[in-house]
Amino acid sequence: MVRSVAHLGPRGTYSEMAALAYIRWAKLDTGDELMLRAYPSIAQALQATATGETEVTVVPVENSVEGSVAITLDMLWRLETLQIQKALVLPIVHAFLSRADRMQQVQTVYSHPQALGQCQGWIETQLPHARLIPTSSTTEALTHLQDDVRVGAIASEWAAQIYQLPVLAHAINDHADNCTKFWVLGRKASHQGNQTSLAFSLPINAPGALLKPLQILAAHDINMSRIESRPTKRSLGDYLFFIDIEADASLPNVKAALQSLKHCTETLKIFGSYSLLPIDNPCPSDPTTNTSAGAE
Ligand SMILES: O=C(O)C(=O)C[C@]1(C(=O)O)C=C[C@@H](O)C=C1
């Protein structure tokens, strides 16, 4: 069976860029030949790995401007089987694609909500009256361009090359350092790395309930690099907490802390220890390169 990497499609998304970076790394590291496999949503990509249809999935988890990708955290909590094997951070540089000659012709802008948020300031100054329409991915937005000069889309320059679409403006993201962290998730744990991610729900909604787990981490000299809350969806004001720590779960102090956390949390999930993949050149040089196994 072809071992494949699930990601949000269709072709040319930032998620595919991240998946390609992972595939290149895996080839160099282990000689493994992995194929891309695009899915219409992040949830479907994650499910494909959970059910064994693909080996791993590469999904966005956090952007430097817009913050967490809620669906990734929610699905990770819901699917019992997934472990984080690697993390990678991609610089995200957006372009404005349109068949219009002038910006003034554009009345409607399509893109993924994360991309629309990352270019909010640019849209306000360049296209203050445009209607903004969210799409399931930056490249799904491109299907709305057709021959209509009143329509524009936000995606990468790489996507513009793949679909041979004109770029009206480039590097339109509001912050030059815009970047997104992706996780590589699989059914197996990586068992090594200097970062560990976990999440828990609390047994009671009372003063100090969250303080106890945080005190345990501090008492074991463990540094947190991130804390994020998500609704449990049971009742208003009831939260899950997602925490990243800067330590390997196999270290004695981390093992002891995780053991103690069990006593002051309701459900505790450990998503594994992993390292950050170094990315030299995020953009595949040849836009026609397609190592896709094709799911969409
Ligand atoms: O729509 C895409 O191209 C994606 O890969 C999704 C996504 C995201 O969900 O954050 C990935 C990276 C960018 O931050 C913008 C969009």
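Me: A residue is buried if 20 or more other C-beta atoms lie within 10 Å of its own. With that cut-off, what makes strand β11 count as largely enclosed by the rest of the structure?

Reply: This is a predicted model, and the call rests on a count over its residues. Strand β11 covers residues 179–186, and six of these eight residues are buried. Strand β11 is therefore largely enclosed by the rest of the structure.

Me: How do you know that β3 and β11 pair, and which way do they run?

Reply: Two strands pair if there are at least two bridges between them. Strand β3 (residues 56–63) and β11 are joined by seven bridges and run antiparallel. The cut-off is met, so they count as a pair. One position to look at is Val-58, which stands opposite Val-184 in β11.

Me: How many bridges join strand β5 to β11?

Reply: Eight. Strand β5 spans residues 83–91, and its pairing with β11 is antiparallel. Here Leu-88 stands opposite Phe-182 in β11.

Me: Why is β1 called largely enclosed?

Reply: Five of its five residues are buried, so the rest of the structure largely encloses β1. Both faces are covered. In a regular strand, side chains alternate between the two faces of the sheet. On one side of β1 sit Ser-4, Ala-6 and Leu-8, and on the other Val-5 and His-7, all of them buried.

Me: What is the bridge partner of Ala-6 in β2?

Reply: Arg-37. β1 and β2 run parallel and are joined by five bridges.

Me: Why is Met-35 called partly exposed?

Reply: Met-35 has 17 C-beta neighbours inside 10 Å. Buried needs 20 or more, and exposed needs 12 or fewer. The count of 17 falls in between, so Met-35 is partly exposed. Met-35 belongs to strand β2 (residues 35–39). Its C-alpha atom is separated by 8.7 Å from that of Ala-6, with the two residues 29 apart along the chain.

Me: What makes Ala-160 buried?

Reply: Ala-160 has 21 other C-beta atoms within 10 Å. The cut-off is 20 or more, so Ala-160 counts as buried. Ala-160 lies in helix α6 (residues 157–163). Leaving out residues up to four places away in sequence, Ala-160 touches Ala-95, Leu-97, Ala-155, Leu-165 and Val-167. The C-alpha atoms of Ala-160 and Gly-12 are separated by 8.4 Å, although these residues are 148 apart along the chain.

Me: Why does Gln-146 count as exposed?

Reply: Gln-146 has 8 C-beta neighbours inside 10 Å. Exposed means 12 or fewer, so Gln-146 qualifies. Gln-146 is found in the loop between β8 (131–134) and β9 (151–155). Its phi is near 35°, a positive value in a residue other than glycine.

Me: Is Lys-233 buried or exposed, and how do you know?

Reply: Exposed, because Lys-233 has 11 C-beta neighbours inside 10 Å. That passes the limit of 12 or fewer. Lys-233 is in the loop between β13 (224–231) and β14 (239–245). Phi is positive here too, at about 75°, although Lys-233 is not a glycine.

Me: Which peptide bond is cis, and where does Pro-10 sit?

Reply: The bond from Gly-9 to Pro-10 is cis, with omega near -5°. Pro-10 is placed in the loop between β1 (4–8) and α1. Most residues other than glycine have a negative phi, and most peptide bonds are trans.

Me: From which domains does the shell around the ligand draw its residues?

Reply: From domain 1 (4–91 + 180–277) and domain 2 (95–177), with at least three residues from each. In total, 14 residues surround the ligand, and the closest are Thr-13, Ser-15, Gln-114, Ser-137 and Thr-138. At least two shell residues come from each of α1 (14–30), β3 and α4 (113–118).

Me: What classes of residue make up the shell around the ligand?

Reply: Six are nonpolar, eight are polar, and none is charged.

Me: What separates the centres of domain 1 and domain 2?

Reply: A distance of 30 Å, taken over C-alpha atoms. The contact takes 14 residues from domain 1 and 17 residues from domain 2. On the domain 1 side, six of those residues are nonpolar, six polar and two charged.

Me: What are the mean pLDDT and the model scores?

Reply: The mean pLDDT of the chain is 93, and 94% of its residues reach 70 or more. The model scores ipTM 0.98 and pTM 0.94. Where pLDDT is low, the predicted coordinates should not be read in detail.

Methods
Residues numbered from 1 in each chain as written. Predicted model: local features only at pLDDT ≥ 70, side-chain atom pairs only at ≥ 80, totals over all residues. Domains from an automatic or database assignment. Contact = placed C-beta atoms within 7 Å. Nonpolar A, V, L, I, M, F, W, Y, C, P; charged D, E, K, R; others polar. pLDDT = per-residue confidence, 0-100. Helix = DSSP H or I, 4+ residues; strand = E, 2+ residues; numbered from the N terminus. Near = placed C-beta within 6 Å.
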